[in-house]
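Here is a short report for someone meeting this structure for the first time. Keep the 3D view open while you read.

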Amino acid sequence: MRAPATVAVTATPRAAPPAATGAARLVALVVLVAAGGSVAAACRPPSDAPPAGRLAVVAAFYPLAEAVRQVGGGRVAVRDLTPVGGEPHDLELTPRDVDRIEDATLVVVLGGGFQPAVDAAARRRRGPTLVVLDALDARAGRGASEAHGSGRLRAGDPHVWLDPVLMQDVVRAVGERLARVDPGYAARYRSGSAAYVRRLAALDARFRSGLARCERRTIVTSHDAFGYLAHRYGLEQRSVVGLVPDQEPDPKTLGELADLVRREGITTVFTGRSVSSRVAETIAREAGGVRVEVLDPLEALTGEQVRAGADYVSVMLDNLRRLRRALDCRP
Ligand SMILES: [Zn+2]
């Protein structure tokens with residue numbers, strides 16, 4: 001609670017000069033406490049502060065928040081800047097979000113132009129910030145992770161979290177940074193990181209075997225979010241729209257899509273959760289005879305998913321089931 005503390009420090013010399021009696025000091029103190037309390041109530045409700053003994057971490061959107069939660073467990077209190085059901089691309093910040101970014105012990109952002117306002121606020125703050133794409137670039141440069149294989153990061157594509165292998169590197173980067181920021185709990189972060197990396201490795205194995213033997217290998221998506229995933233598992237992604245969701249597909253793109261569907265026997269066109277149903281209907285109409293299904297880009301959980309207890313791994317397994325159905329994969 002920085003604001004009330006500042007009020008008290010600057011007001012004390014004026015409110016209680018050295019000559020003041022004990023009673024006057026007491027009155028001044030009571031007034032200050034009341035003022036401090038009301039300032040706190042006006043701009044920082046008590047629920048906004050991390051519970052005592054927990055590290056305040058701000059994460060830019062769901063997959064990063066999930067990585068922090070999995071690594072930090074009960075030691076961290078994570079605030080996700082992107083609301084449930086929200087749209088993280090080009091997220092705009094409220095003044096309160098900016099306060100949270102300034103006050104957090106650690107801020108975790110993706111970087112790479114995915115959320116320019118978030119990146120700018122994170123650059124302005126004085127405390128430590130983990131820029132995930134920079135950390136992944138550094139890992140690839142060091143050759144520290146065999147995980148990258150041939151894969152360098154795709155220029156301009158931020159969607160690294162949809163590759164369960166790159167997500168392991170995200171988790172490792174979070175674990176290393178938390179251990180530096182909060183060294184007293186370094187062992188906790190190391191074990192949390194290792195445990196979640198093992199779960200992600202198991203998820204990767206499910207994708208590998210699940211997508212090994214399929215009738216088709218082309219996926220058509222309305223939001224070009226699955227490039228890393230496609231590259232990892234030998235699929236080809238054809239996007240109807242582009243890297244940013246909610247754009248309307250143009251007639252030329254829809255014509256090409258219809259050709260592709262005919263040529264390759266595509267049965268399913270995937271849309272993200274945030275894509276309007278109008279866009280999905282347009283796609284289905286133009287590419288006649290195809291199903292429109294959700295392939296979740298995991299940019300934010302919906303309220304329904306939160307209530308159902310869904311998380312990164314469970315939503316990715318849903319995605320795998322839908323991919324297998326669309327591509328006619330054998331067991
Ligand atoms: Zn996206």
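Strand β1, helix α3 and strand β2 make a right-handed β-α-β unit. Helix α3 covers residues 62-72. This is a predicted model, and the description below is of that model.

**The unit and its strands**

Strand β1 spans residues 55-59. Five bridges join β1 to β2, and the two run parallel. One place to look is Val-58, which stands opposite Arg-79 in β2.

Which residues of β2 point to the buried face? Strand β2 runs over residues 76-80, and its side chains alternate. Val-76, Val-78 and Asp-80 point to one face and are buried. Ala-77 and Arg-79 point to the other face and are not buried.

Strand β1 also pairs with β3, in the parallel sense, over three bridges. There, Val-57 has Leu-106 of β3 as its bridge partner.

**The four-stranded sheet**

These pairings belong to an open sheet of four strands. The order is β2-β1-β3-β4, and the pairing is parallel. Strands β2 and β4 stand at the edges. Each has a single partner strand, so one side of each is left without a neighbour in the sheet. From one strand to the next, the twist averages 20 degrees.

**Helix α5 and its two sides**

Helix α5 covers residues 116-124. Its buried residues are Val-118, Ala-121 and Ala-122. Why do they sit on the same side of α5? They cover an arc of only 100 degrees around the axis, which puts them there. On the other side of α5, Pro-116 and Arg-124 are exposed. The cover over the buried residues of α5 includes α4 (95-103), β3 (106-109) and β4 (129-131).

**Helix α8 and its partners**

Helix α8 spans residues 186-210. It packs against α3 at an angle of about 120 degrees, with the axes 7 Å apart. The two helices are therefore oblique to each other. In this contact, Gln-70, Val-71 and Gly-72 of α3 meet Tyr-189, Gly-192, Ser-193 and Tyr-196 of α8.

Helix α13 (residues 312-327) is another partner of α8. Their axes come within 10 Å and cross at roughly 5 degrees. That makes α8 roughly parallel to α13. On the α8 side, the contact is made by Arg-199, Leu-203, Arg-206, Phe-207 and Gly-210. On the α13 side, it is made by Val-313, Met-316, Leu-317, Leu-320 and Arg-324.

Arg-199 deserves a second look. It is found in α8. Is Arg-199 buried or partly exposed? With 15 C-beta neighbours inside 10 Å, Arg-199 counts as partly exposed. Arg-199 and Gln-168 are 31 residues apart in sequence. In space, they are 9.2 Å apart, C-alpha to C-alpha.

**Further strand pairs**

Turn now to strands β5, β7 and β8. Strand β5 (residues 218-223) and strand β7 (residues 268-271) run parallel and are joined by two bridges. Thr-221 stands opposite Phe-270 in β7. Strand β7 also runs parallel to β8, with four bridges between them. In β8, Val-292 is the bridge partner of Val-269.

The strand pairs described so far can be set side by side.

| Strand pair | Direction | Bridges | Partner residues |
|---|---|---|---|
| β1 and β2 | parallel | five bridges | Val-58 and Arg-79 |
| β1 and β3 | parallel | three bridges | Val-57 and Leu-106 |
| β5 and β7 | parallel | two bridges | Thr-221 and Phe-270 |
| β7 and β8 | parallel | four bridges | Val-269 and Val-292 |

**Two residues with positive phi**

Leu-298 has a positive phi of about 55 degrees although it is not a glycine. Leu-298 lies in the loop between β8 (291-294) and α12 (303-307). Leu-298 is buried, with 24 other C-beta atoms within 10 Å.

Asp-328 is not a glycine either, and its phi is positive at about 55 degrees. Where is Asp-328 found? Asp-328 is in the segment after α13. With 12 C-beta neighbours inside 10 Å, Asp-328 counts as exposed.

**The chain as a whole**

How many helices and strands does the chain have? Its secondary structure comes to 13 helices and eight strands. The chain has 331 residues, and buried residues make up 35% of them. Take the contacts in the chain with a separation of 6 or more: residues 24 or more positions apart account for 61% of them.

Definitions and conventions. Residues are numbered from 1 along each chain as its sequence is written. This is a predicted model: local features need pLDDT of at least 70, side-chain atom pairs count only at pLDDT 80 or more; totals for chains, interfaces and linings use all residues. A residue is buried if 20 or more other C-beta atoms lie within 10 Å of its own, exposed if 12 or fewer, and partly exposed in between; C-beta atoms are placed from the backbone. Two residues are in contact if their C-beta atoms, placed from the backbone, lie within 7 Å. Two strands pair if DSSP finds at least two bridges between them. A crossover is right-handed if, with the strands pointing away from the viewer, the path from the first strand over the helix to the second runs clockwise. The arc is that of the directions from the helix axis to the C-beta atoms. Axes are lines fitted to C-alpha atoms, for helices over the stretch in contact, and angles run from 0 to 180 degrees between N-to-C directions. Angles under 35 degrees count as roughly parallel, over 145 as roughly antiparallel, 65 to 115 as roughly perpendicular and the rest as oblique.
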